[in-house]
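Trainee: Please take me slowly through one part of this model, its pockets, and start with the smaller of the two you would choose.

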Amino acid sequence: MNEMHRAWLGVVSADHTQRAVQGGFIQLNHGKRYGVARLHRGDGFAIYSPTEHYLEKRPLRAFTALGVVADDAPYQAEPMSMGPRGTIQPWRRRIDFLPAHRVPLTEVALNLTKSPNWGYQLRRGLVPLEPEDFESLQALMT
């Protein structure tokens, strides 16, 4: 990765991550614009999946994908059903995902995870990630 200035960690179930990787995009917080609007072209982007499937309680706790933001602005995708949440027209960003394999949280030492209760901030769905942490994930996952 060349001179990355910023990096982010998105929180997305593994099944939704797989769809995102296949489609070359990311959407966060049920398609709301505010999260994806914080991203800039060239930012590193990693995904942490607390579960395998959306709304599932059994934990996965793994880093499941990473890439680089590939566009300049959010765009709205076609309307889609969110089941009981109704139909939404989600905001997305293009991501150039790197070939990567899952890495369990237990196998990763990041600056992000050093503080007690670090996981609480994941509830926001998107958190800043130090470029050094992104590089560590990249070394482990690719």
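Trainee: Which element gives the most to the lining of the second largest pocket, and with how many residues?

Mentor: Helix H1 gives the most to that lining, with four residues. The model is predicted, so local features need pLDDT of at least 70 and side-chain atom pairs 80 or more, while totals for chains, interfaces and linings use all residues. Residues are numbered from 1 along each chain, and side-chain values use heavy atoms, without hydrogens or water.

The second largest pocket (an open set of points on a 1 Å grid where a 1.4 Å probe fits, with protein on both sides within 12 Å along at least five of seven lines) is lined by 13 residues, lining meaning an atom within 4 Å of a point. Thr17, Gln18, Val21, Thr64 and Ala65 lie nearest its centre, and the elements that give two or more residues to this lining are H1 and S4 (DSSP runs, at least four residues for a helix, H or I, and at least two for a strand, E).

The largest pocket, for its part, is lined by 32 residues, and Val11, Val12, Ser13, His30 and Tyr54 lie nearest its centre. Helix H1 (14–23) and strand S4 (59–69) are again among the elements that give two or more residues here, together with strands S2 (25–26), S3 (44–51) and S6 (80–81). Of the residues nearest that centre, His30 deserves a second look: His30 lies in the loop between S2 and H2, and although His30 is not a glycine, its phi is positive, at about 60°. Asn29, which lies in the loop between S2 and helix H2 (33–36), also has a positive phi, of about 50°, although Asn29 is not a glycine.
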